[in-house]
Amino acid sequence: QSGDQSTKADKGKIIGIEPGAGIMIHTEEAIDTYGLDYTLVSSSSAGMASELTKAIKEEKWIVVTGWTPHWMFARYDLKYLDDPKGVYGGEEYIGTLARKDLKADKPGLYSILERFNWKAEDMESVMLSIEEGKKDTEAAQEWIDNNQETVSGWIGDIIGDGEKVSVGYVLWDSEIASTNVLKIVLEKAGFNVKISAVDAGPLYQAVADGDVDCTISAWLPATQASYYEKYEDDLVLVRKNLEGAKVGLVVPSYVTINSIDELNS
Ligand code: PBE
C-alpha cells in the first residue's frame with residue numbers, strides 16, 4: 001500500500017458537515033451502533049470537501065460524511081464504506097415538499113413542482129461546474145440552456161404573472177445546484193422567486209408553518225426521517241424529484257478498509 005501514513009489521531013475523527021443535516025444524525029447513530037472509537041467533527045459542506053481535498057493531496061487517512069449526487073465522486077477516487085447494519089438506510093430519493101395550502105393558493109406553481117424531476121447526472125453536472133468556478137446562477141443557467149425541452153415540459157402552459165414564490169433550501173452543494181436551477185425555471189415561467197438558505201430542522205419547520213412555499217431539498221426515506229416524521233402532518237410530499245441518491249461514510253479508495261465495521265481496527 002502506498003500513502004496513508006497517518007496516525008491514530010487522524011483516524012479518530014469523522015469529518016462531518018453542518019450540524020442538523022440528516023447525515024450528521026445518522027453518523028452519531030453509526031458511532032453508537034458500531035461502537036466506533038471516533039468523534040464526529042461538525043463543519044460545513046464546503047469545509048468537509050476542503051478537508052477531503054487536503055487529505056487526498058497527502059494520501060492521508062480520512063473519513064467523511066458523503067452523499068451522491070456529489071461532484072467529489074467525479075473529482076476523486078472514493079468509495080462508500082459498507083454499512084452492514086443499515087444505519088444510513090438504502091437507496092434514497094430527494095423529495096419536493098410544499099406547505100399544506102400551496103396547491104389551493106398557487107396552483108400554477110404547484111403544477112410545476114408536480115412535474116419537476118431530474119436525474120443524478122443532471123444535478124452532478126451543475127455541481128461540477130460550480131466546483132470548477134462558475135457562479136451558482138451561471139451553472140444553473142447553463143444546465144437550463146442545455147435542457148430547454150425538459151424545462152419547457154416542466155413549465156407547460158403556466159404563467160406566473162409576477163406571483164411571489166419562496167423556496168427554502170440548505171447550503172449543501174447538491175441543494176445549491178438544484179435550488180438555483182428551480183429558481184431560474186420558475187423565473188422563466190414568470191414567477192418572482194426568492195430562495196432562502198436555512199438549516200435542515202428550520203427548513204422543515206418553515207414549510208410546515210407556511211413561512212416558505214416549498215423546498216426541493218428533502219432526502220428521504222432515511223436521511224431526514226426524523227424531521228419528516230415530526231412535520232409530515234403539516235406539509236405535503238409533492239413528489240420524488242431525484243431517485244438513486246445515497247448517503248454514508250466515504251473514504252478515498254487508497255484507504256484500505258471497506259466497511260464501517262473495520263473502522264476501529
Ligand atoms: N445531505 C445532502 C443532506 C441532504 C443533502 C446528505 C448532506 C442531509 O440531510 O444529510
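A polar contact is a pair of N or O atoms within 3.5 Å. I kept that cut-off at hand while going through this model, which is predicted.

**Entry 1: polar contacts of the ligand**

I looked first at the side chain of Q224. One of its polar atoms lies 2.9 Å from an oxygen atom of the ligand, so the pair falls within the 3.5 Å cut-off. I then turned to the backbone. A polar backbone atom of G22 is 2.8 Å from a ligand oxygen. For I23, a polar backbone atom is 2.7 Å from an oxygen atom of the ligand. I also looked up how much of the ligand is covered: on its own it has 280 Å² of accessible area, and the protein covers 100% of that.

**Entry 2: where the ligand sits**

Where does the ligand sit? I found it in the largest cavity. Which elements give two or more residues to the shell around it? They are α2, which spans 22–33, and α10, which spans 173–188.

**Entry 3: the shell around the ligand**

I listed the residues around the ligand. From the start of the chain they run I17, A21, G22, I23 and W67, then W172, S174 and E175, and finally W219, T223, Q224 and V247. I sorted the shell by class and got seven nonpolar residues, four polar ones and one charged one. I also checked the domains. Domain 1 (8–90 + 247–262) and domain 2 (92–245) each give at least three residues to the shell.

**Entry 4: cis peptide bonds**

I went through the backbone next. The peptide bond from T68 to P69 is cis, and its omega is near 5°. I placed P69 in the loop that runs between β3 (64–68) and α4 (72–75). A further cis bond joins L220 to P221, with omega near 5°. P221 is in the loop between β8 (214–220) and α12 (225–231).

**Entry 5: a positive phi**

What is phi at E59? I noted a value near 50°, which is positive, in a residue other than glycine. E59 belongs to the loop between α3 (45–57) and β3.

**Entry 6: what I keep from this**

The ligand is in the largest cavity, and its shell draws on both domain 1 and domain 2. Its oxygen contacts that I wrote down include the backbone of G22, the backbone of I23 and the side chain of Q224.

Technical notes
Residues are numbered from 1 along each chain as its sequence is written. This is a predicted model: local features need pLDDT of at least 70, side-chain atom pairs count only at pLDDT 80 or more; totals for chains, interfaces and linings use all residues. Side-chain values use heavy atoms; hydrogens and water are left out. A residue is near a molecule or strand if one of its heavy atoms lies within 4 Å of it. A polar contact is a pair of N or O atoms within 3.5 Å; within protein, one must be able to donate a hydrogen and the other to accept it, and residues adjacent in sequence count only if both atoms are side-chain atoms. Accessible areas come from the Shrake-Rupley method with a 1.4 Å probe; for residues, only the protein chains shown count as cover. On a 1 Å grid over the protein atoms alone, a cavity is a set of points where a 1.4 Å probe fits but cannot get out, and a pocket is an open set with protein on both sides within 12 Å along at least five of seven lines; lining residues have an atom within 4 Å of a point. A molecule sits in a cavity or pocket if more than half of its atoms lie within 2 Å of its grid points. Helices (H or I, at least four residues) and strands (E, at least two) are DSSP runs, numbered from the N terminus. Ala, Val, Leu, Ile, Met, Phe, Trp, Tyr, Cys and Pro count as nonpolar, Asp, Glu, Lys and Arg as charged, and the others, Gly among them, as polar. Domain bounds come from an automatic or database domain assignment.
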